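Q: Could you take me through one aromatic pair in this model, up close? After that, I'd like to see how the rest of the fold looks around it.

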Amino acid sequence: MTKIANKENYKNRVIDALVDRYLKTFGAICIEGPKWCGKTWTSSYHSNSEFLVGNPDNNFQNRSLAELSPSLVLEGNVPRLIDEWQEVPPLWDAVRYMVDKRDKKGQFILTGSSTPKRKGILHSGAGRIGKLHMRPMSLYESGESSGNISLFDICHNKIIPTITGDADLRNIANYIVKGGWPGNLNIPIKDASILPKSYINAILDDDIKRIDNKKYDISKMRLLLRSLARNESTSATNKKLLNDIKEVDDETVDNDTIANYLDIFNRLFLIDNQQPFSSNIRSKVRIKQAEKRHFCDPSLVCALLDATPDILINDLKTFGFLFEAMCERDLKIYAESFDANLYHYQDYANNEIDAIIELSNGNWCAFEIKLGVNQIEKAASSLIYIRDKIKKDGGRVPSVLCVICGMTNSAYIRTDGVIVVPITALKN
């Protein structure tokens with residue numbers, strides 16, 4: 001059988017090392033994430049046989065076979081890929097049962113671009129099926145970052161000052177509009193928005209209808225998506241989204257509908273919000289618990305708002321929000337590769353830190369994200385101010401302060417100890 005992934009042409013992903021680790025740890029793994037981000041290719045690369053539930057050959061014979069006999073489709077060389085398992089939810093329990101029966105590691109790789117509700121799934125799979133979240137490509141994976149500077153090294157204060165080369169504002173705008181989609185790698189920038197716009201339409205025209213076998217008001221879903229796009233990289237509440245729809249689109253959507261639609265977008269991995277920093281820093285500072293709004297890729301924001309590179313360059317405020325979103329997408333990918341997690345910080349005194357990476361040992365690192373070199377000084381001062389305030393209040397201070405910049409041509413350490421690094425030189 002010809003496999004989907006050609007190992008000679010496969011483009012390495014940051015998640016590859018985690019896939020290998022998880023296959024040695026669990027009987028099966030499940031790689032979840034948005035459509036078109038490369039889950040099937042990566043899973044095929046790591047597998048020795050494949051079963052594609054969504055294969056349309058012979059009137060979708062594979063799906064019919066999986067529905068008739070879930071255990072039968074699990075037969076094959078291991079690790080065996082079961083692609084888009086959520087189309088036939090009983091496959092989950094069949095895999096869990098077979099993992100128990102065989103009592104061996106690395107038996108199956110499941111992929112899913114949506115999360116079904118628990119109906120029809122008898123067992124959580126805890127201890128048998130390890131879950132990994134895959135995202136669109138980071139700049140390092142797509143070849144837009146040199147990878148001269150490691151985020152792991154930054155988080156452990158091991159950075160070596162390096163000249164990284166001139167940055168280009170238009171290139172950064174292009175990266176945002178094109179997004180991290182493998183299918184967009186070799187597409188001219190004038191056509192780069194076609195794929196993310198098609199992604200939105202595919203979600204609304206097809207995936208939404210199948211996720212619960214229910215009918216939804218697609219026009220209202222699109223209104224909510226546009227509101228989320230206008231509030232990208234902010235901690236806008238559901239009420240703010242509701243008011244935004246009313247003020248900008250002159251339409252009305254109720255609170256329950258918004259909550260329901262957001263849950264669906266989450267289950268389709270369309271949105272990928274940044275959680276608030278929840279670690280106990282033992283400080284008197286009260287920390288807000290609002291999520292920061294993000295799509296799974298900033299190109300989707302551009303698609304919803306019809307934002308081209310030229311429009312971004314002429315609207316630096318919007319450009320800044322989307323640059324932050326792109327950097328935080330990459331930081332999530334890089335941080336998770338070494339068992340760290342990404343958060344954001346916001347207290348009731350309106351002090352904010354764009355990104356926080358919490359390490360497995362409990363240390364945390366604070367990052368400000370700025371597009372222009374002229375913003376570095378203010379960002380560094382803000383980080384130092386918040387660190388000193390936490391220290392004064394008896395809290396646990398960040399072990400690293402760093403400014404990620406779009407336009408700087410070098411990675412260096414300032415005299416105040418704040419690290420500065422360009423996003424186009426970063427890797428995991």
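A: Phe-277 and Trp-364 are both buried; bear in mind that this is a predicted model. Their ring centres sit 4.9 Å apart with the planes at 40 degrees, so this counts as a tilted pair. What the pair does along the chain is link distant parts: Phe-277 is in the loop between α11 (255–267) and α12 (298–305), while Trp-364 belongs to strand β10 (residues 364–370), 87 residues apart.

That pair has company, as the structure holds nine aromatic pairs. One of them is Tyr-22 with Phe-26, also tilted, at 5.4 Å centre to centre and 40 degrees between the planes. Tyr-22 counts as partly exposed because its relative accessibility is 23%, and the cut-off for buried is under 20%. Elsewhere, Trp-36, Trp-181 and Tyr-199 are joined by ring pairs into a cluster. There's a charge over a ring too: the charged end of Lys-288 sits over Tyr-348, 5.6 Å from the ring centre.

Now for the greasy side of things. In soluble globular proteins, nonpolar side chains tend to be buried together. Here the largest nonpolar core has 76 residues, and the members touching the most others are Leu-151, Phe-265, Phe-295, Ile-357, Phe-367, Ile-404 and Leu-426. Helix α14 (residues 316–336) supplies the largest share of this core, with nine residues. Apart from it lies another core of 20 residues, including Ile-356, Ala-380, Leu-383 and Cys-405.

Phe-295 is a handy one to click on. Setting aside neighbours within four places in sequence, Phe-295 is in contact with Leu-225, Leu-228, Ala-229, Glu-232, Leu-270, Ile-271, Asp-272, Leu-300, Val-301 and Leu-304.

Several of those contacts take you to helix α9, so to speak, and a polar residue is worth a stop there. Ser-227 lies in helix α9 (residues 218–230) and is buried, with a relative accessible area of 0%. The Ser-227 side chain reaches the backbone oxygen of Leu-241 at 3.4 Å. Beyond four places in sequence, Ser-227 is in contact with Leu-241, Asp-244 and Ile-245.

Asp-244 turns up again in the contacts of Asp-249, along with Leu-223, Arg-226 and Arg-230, once neighbours within four places are left aside. Asp-249 itself is in helix α10 (residues 238–249), and its side chain makes a polar contact of 2.9 Å with the side chain of Arg-230. For a sense of scale, the C-alpha atoms of Asp-249 and Ala-425 are separated by 40 Å, with these positions 176 residues apart along the chain.

Zooming out, the protein has 15 helices and 14 strands. Its radius of gyration is 22 Å, close to the 22 Å the globule rule gives for 428 residues, so the protein is as compact as a globular protein of that length. The C-alpha trace spans about 65 × 50 × 45 Å along its principal axes. Of the 428 residues, 54% count as buried. As for contacts with a separation of 6 or more, 74% come from residues 24 or more positions apart.

Technical notes
Residues are numbered from 1 along each chain as its sequence is written. This is a predicted model: local features need pLDDT of at least 70, side-chain atom pairs count only at pLDDT 80 or more; totals for chains, interfaces and linings use all residues. Side-chain values use heavy atoms; hydrogens and water are left out. A nonpolar core is a set of buried Ala, Val, Leu, Ile, Met, Phe, Trp, Tyr and Cys residues joined through side-chain atoms within 4.5 Å. Buried means under 20% relative accessible area, exposed over 50%, partly exposed in between (1.4 Å probe, protein chains only). Helices (H or I, at least four residues) and strands (E, at least two) are DSSP runs, numbered from the N terminus. Contact means heavy atoms within 4.5 Å. Rings of Phe, Tyr and Trp (its six-membered ring) pair if their centres lie within 6.5 Å; planes under 30 degrees apart count as stacked, over 60 as edge-to-face and the rest as tilted. A charge sits over a ring if NZ of Lys or CZ of Arg is within 6 Å of the ring centre and within 35 degrees of the ring normal. A polar contact is a pair of N or O atoms within 3.5 Å; within protein, one must be able to donate a hydrogen and the other to accept it, and residues adjacent in sequence count only if both atoms are side-chain atoms. The radius of gyration is taken over C-alpha atoms; the globule rule is 2.2 Å times the number of residues to the power 0.38.
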